[in-house]
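User: Could you walk me through one part of this structure up close? I'd like to see how the pieces there sit together.

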Protein chains: 2
Amino acid sequence: MVDDETTDEGDGADATMDDADTSTDDSDASTDELAWRTTDSAIDYACPGFDVRMDDVTLPDGTETDFHYVDEPEAVVVLPFTPDGDVVLVEEWRQAVGRVNRGLPAGSLEPDDDDIAAAARRELAEETGFEAGSLERVGSVEPANGLLNSVHHHFVARDCEPTAEQELDFNESIRVAVEPYEDVLAAAVDGHLRDGRAVLGILRYELAGRWR
Amino acid sequence: MVDDETTDEGDGADATMDDADTSTDDSDASTDELAWRTTDSAIDYACPGFDVRMDDVTLPDGTETDFHYVDEPEAVVVLPFTPDGDVVLVEEWRQAVGRVNRGLPAGSLEPDDDDIAAAARRELAEETGFEAGSLERVGSVEPANGLLNSVHHHFVARDCEPTAEQELDFNESIRVAVEPYEDVLAAAVDGHLRDGRAVLGILRYELAGRWR
């Protein structure tokens with residue numbers, strides 16, 4: 001399940017999902033009896049960071065209605081380990097929840113990103129000043145697909161060393177914390193970490209590793 | 001880490017988070033050097049399902065700017081087990097990602113919910129027709145707190161039996177699937193399940209259970 005970064009050519013995430021065919025798969029067949037038909041689609045609101053899209057849709061029972069959702073770029077989330085096996089965390093203010101958040105380095109794909117692995121390396125370096133010795137993709141999830149089309153691509157970075165300069169966006173102020181992995185894992189399981197993308201990335205790494 | 005439902009009086013989630021004080025905690029101190037100051041706040045856009053809020057803020061370096069985020073109610077996510085230990089899943093169309101999604105029963109808190117456990121029982125019954133014999137809260141996370149203020153409260157429901165009638169919203173059409181737990185867990189780890197809130201709920205249950 002863990003791809004080497006050489007296979008991560010942008011659409012690698014989808015390829016990983018599409019080639020399986022078991023009963024536990026998600027289906028993407030638009031011929032499914034549950035499928036909606038989209039008759040029109042437009043951006044209904046735009047602001048820095050995301051858009052709101054409104055689609056005109058026809059439900060399976062023929063009802064015509066509209067549906068609004070948040071449209072934003074795909075993102076990478078990085079679980080970075082130092083050579084000693086500690087985890088590099090970021091602490092930053094999250095206005096949406098009104099508190100300082102502990103989480104993993106993360107950020108949106110940008111138009112000039114060659115692939116998602118390059119984006120993961122960039123976000124790690126920009127947010128923490130650490131550069132990754134190696135990088136593996138763990139998997140991809142949609143964090144809240146009832147409301148938004150976001151996709152989070154999770155990576156594990158190993159042998160991360162503080163060799164770069166932090167390069168933050170104008171409204172980012174990020175404090176770096178390095179903690180033992182077992183403490184971070186415990187916080188992800190017991191609820192002391194509230195950042196869902198960090199919790200998901202850590203739990204998935206833990207369980208994937210046990211099965212490797 | 002798992003609360004009995006009798007302790008889930010609406011704000012139980014916050015109480016669980018606030019009473020800890022270890023180095024792996026999130027901080028909510030507005031006196032933190034990273035804290036932003038909010039000088040005004042208003043709904044800038046509204047649609048069915050969510051609002052977009054715009055806050056006027058002052059950053060730690062004194063910069064005055066604004067920040068937009070999605071404002072929506074808290075939600076419950078239920079991992080329901082049958083008496084045989086199988087998992088009750090839901091399949092429904094997700095317009096934001098254009099496909100049928102496999103996930104867990106879930107829904108937003110409503111104004112007349114007495115507590116979040118009652119909301120979990122209601123959403124399970126309405127979406128699947130199954131009623132829970134017992135319910136435990138596993139924990140709460142913010143799925144994407146850079147973009148939205150959503151909080152997902154995760155529950156485990158046991159001894160679920162098909163004794164209720166599905167009661168769906170006008171734009172919901174949901175197919176129920178019952179699958180062996182080990183298959184669902186494998187799909188959550190290997191990426192065949194793409195629904196992040198389902199993946200997070202399953203992985204956290206798995207790891208919490210091992211430590212219980």
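Analyst: Start with β6(B) and β11(B): these two strands run antiparallel and are joined by 7 bridges. To spot one partner pair, find V87(B), whose bridge partner in β11(B) is E179(B). Keep in mind that this is a predicted model.

Now zoom out a little. The two strands belong to an open sheet of 3 strands in chain B, ordered β7-β6-β11, with antiparallel pairing. At its edges are β7 (99–103) and β11 (174–180) of chain B, each pairing on one side only. On average, neighbouring strands in this sheet are turned by 30° against each other, ignoring direction. As background, strands of a sheet pair through backbone hydrogen bonds, either parallel or antiparallel.

Next comes a helix: α3(B) lies across β6 and β11 of chain B, and runs at about 105° to β11(B).

Some aromatic rings are worth a look here too; the count over all chains is 11 aromatic pairs. Take F81(B) and Y181(B): their ring centres are 5.5 Å apart and their planes sit at 55°, so the pair is tilted, as that angle falls between the 30 and 60 degree cut-offs. This pair links distant parts of the chain, 100 residues apart: F81(B) is in the loop between β5 (75–80) and β6 (86–94) of chain B, while Y181(B) is in helix α3 (residues 181–190) of chain B. F81(B) is buried, at 6% relative accessible area, and Y181(B) is buried as well, at 12%.

F81(B) also forms a tilted pair with Y205(B), with 5.2 Å centre to centre and 45° between the planes. Here the link spans 124 residues, with Y205(B) in helix α4 (residues 196–211) of chain B. Y205(B) is buried, just like F81(B).

Definitions and conventions:
Residues are numbered from 1 along each chain as its sequence is written. Chains are lettered from A and ligands numbered from 1 in the order in which they are written. This is a predicted model: local features need pLDDT of at least 70, side-chain atom pairs count only at pLDDT 80 or more; totals for chains, interfaces and linings use all residues. Side-chain values use heavy atoms; hydrogens and water are left out. Rings of Phe, Tyr and Trp (its six-membered ring) pair if their centres lie within 6.5 Å; planes under 30 degrees apart count as stacked, over 60 as edge-to-face and the rest as tilted. Helices (H or I, at least four residues) and strands (E, at least two) are DSSP runs, numbered from the N terminus. Buried means under 20% relative accessible area, exposed over 50%, partly exposed in between (1.4 Å probe, protein chains only). Two strands pair if DSSP finds at least two bridges between them. Axes are lines fitted to C-alpha atoms, for helices over the stretch in contact, and angles run from 0 to 180 degrees between N-to-C directions. Contact means heavy atoms within 4.5 Å.
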